[in-house]
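Q: Could we go through how charged side chains are read in a model of this kind, taking one pair at a time?

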Amino acid sequence: MVQVPLVTPQIGEEETMAVLEVLRSGMLAQGPRVNEFETLFAQYCGVKHAVAVNSGTAALHAAVYACGLQAGDAVITTPFTFVATANSILMQDADVVFADIQEDTLCLDPDAVRAAVREGVKAIMPVDLYGQVYDERIDAVASEHDLIVIEDAAQSMGARRGDRKAGSFGNAACFSFYATKNMLTGEGGMLTTDDPHVAEMARRLRHHGQSEQTRYEYHDLGYNYRMMDLQAAIGIAQLNRIDELNAKRRENAKRLDAGLSTVRGIRLPAVTADNHHVYHQYTIIVEEEYPLSRDELLESLRQKGIGCAVYYPKPLHLHPHFARMGFREGDFPVAERLARSVLSLPVHPSLTPEQVQTVVEAIARP
Ligand SMILES: *Cc1c(COP(=O)(O)O)cnc(C)c1O
């Protein structure tokens, strides 16, 4: 029996009423609610433009397209992420250049990025992994080499680095509102940018290559990446609550930190001084000194009804899809080693202090 679920979608009365209102209006597809959601979302992130789409993957593809990346260009990214990050680069026929991750944050390593810069590299795509904004030294590498930055903020809605919000770094940033993310619409995504040209190009890709100014004139290959008003209505309700929901995640993380800090062989999530982490995942490292292996601990927790999962069990470069491009075991040793030791624990907003205690005890006395 599940005692402590790993995720619990936060759907309340406000979301339910907003959806009913849209259903009754008869305007189900992209309409006024999408416009309103975009305006509010841009304000929240502190950027000029937001373009709503129907998934985080679509937002990433739109960013790669809108930033002008194409065949012959290369983009540096992390192998320790969800597959959509790297796939969005391939969708525009550009090349993926992986660089290794940092030991503590598990985010893309700025030194590895610098070392990976070569002829043809036009952009960097850092990921705000687990809900923390990527290392600012990557921005320095980008400006040194005049590279575009696309921030994959799918996991970091509401996070901050310094006083700036996730989604305001780089030339464009991308969010996902998939059902398990900190903020959800079921399926859905958003591109944010300060650049009006990037916003316009993203709007074109979303709608079959058609400019929203001149209808039925197709400028380029495009897709149907549009968001429904139904989804936007949920998104607006969620946006009203995101800070409150993230505050609960941070409280739970603090309790987990306190409970687990004395357990030998468990390394707590690192948080850099300038980061306001929103804990999309609370991910521990199970070290050698712990009495069980990572996989044994995972099994033991599941048997006690505690939801937990490995994000990610295998770095992207070791999957057949990418290995085919010439990557092999040993290319990114930090990512490979940490993929064998990470374990994500429940941290979602509806956990009770008792449930947190159950998790702590199950790890302290396996
Ligand atoms: C969820 C996620 C995506 C993809 O978003 P979808 O909405 O599922 O398409 C991309 N990158 C990262 C890091 C993610 O966590």
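A: Let us begin with one residue and its exposure: in this predicted model, Arg267 is partly exposed, with a relative accessible area of 22%.

Q: With which side chain does Arg267 meet in a salt bridge?
A: Side chains of opposite charge can pair when their charged atoms come close. Here the partner of Arg267 is Glu103, and the N to O distance in this salt bridge is 3.0 Å. Because Glu103 lies in the loop between β3 (95–98) and α5 (110–116) while Arg267 lies in strand β10 (residues 266–267), the pair ties together parts that are 164 residues apart in sequence. Glu103 is partly exposed as well, its relative accessible area being 33%.

Q: How many salt bridges does the count come to, and which residues are joined with Glu103 and Arg267 into one network?
A: The count comes to 15 salt bridges. One of them links Arg114 with Glu144, whose closest N and O atoms are 2.8 Å apart. Arg114 lies in helix α5 and Glu144 in helix α6 (residues 137–145), so this pair ties together parts that are 30 residues apart in sequence; Arg114 itself is partly exposed, at 36% relative accessible area. As for the network, Glu103, Arg267, Glu287 and Arg337 are joined into one by salt bridges that share partners.

Q: Which residue forms a salt bridge with Glu38, and is Glu38 buried or exposed?
A: Glu38 forms a salt bridge with Arg206, and the closest N and O atoms are 2.9 Å apart. Since Glu38 belongs to helix α2 (residues 32–45) and Arg206 to helix α7 (residues 196–206), the pair ties together parts that are 168 residues apart in sequence. For the second part, the cut-off matters: a residue counts as buried when its relative accessible area is under 20%. Glu38, at 6% relative accessibility, is therefore buried, and Arg206 is buried too, with a relative accessible area of 1%.

Q: What is the nearest side chain of opposite charge to Glu336, and how far away is that side chain?
A: The nearest such side chain is Arg340, at 5.5 Å. A salt bridge requires a side-chain nitrogen of Lys or Arg within 4 Å of a carboxyl oxygen of Asp or Glu, and Glu336, although buried, has no salt bridge. Glu336 lies in helix α11 (residues 333–339).

Q: Which residues does Glu336 touch, if those up to four places away in sequence are not counted?
A: With those neighbours set aside, Glu336 touches Pro315, His317, Leu318, Arg328, Glu329, Gly330 and Asp331.

Technical notes: Residues are numbered from 1 along each chain as its sequence is written. This is a predicted model: local features need pLDDT of at least 70, side-chain atom pairs count only at pLDDT 80 or more; totals for chains, interfaces and linings use all residues. Side-chain values use heavy atoms; hydrogens and water are left out. Helices (H or I, at least four residues) and strands (E, at least two) are DSSP runs, numbered from the N terminus. Buried means under 20% relative accessible area, exposed over 50%, partly exposed in between (1.4 Å probe, protein chains only). Lys and Arg count as positive and Asp and Glu as negative; His and the chain ends are not counted. Contact means heavy atoms within 4.5 Å.
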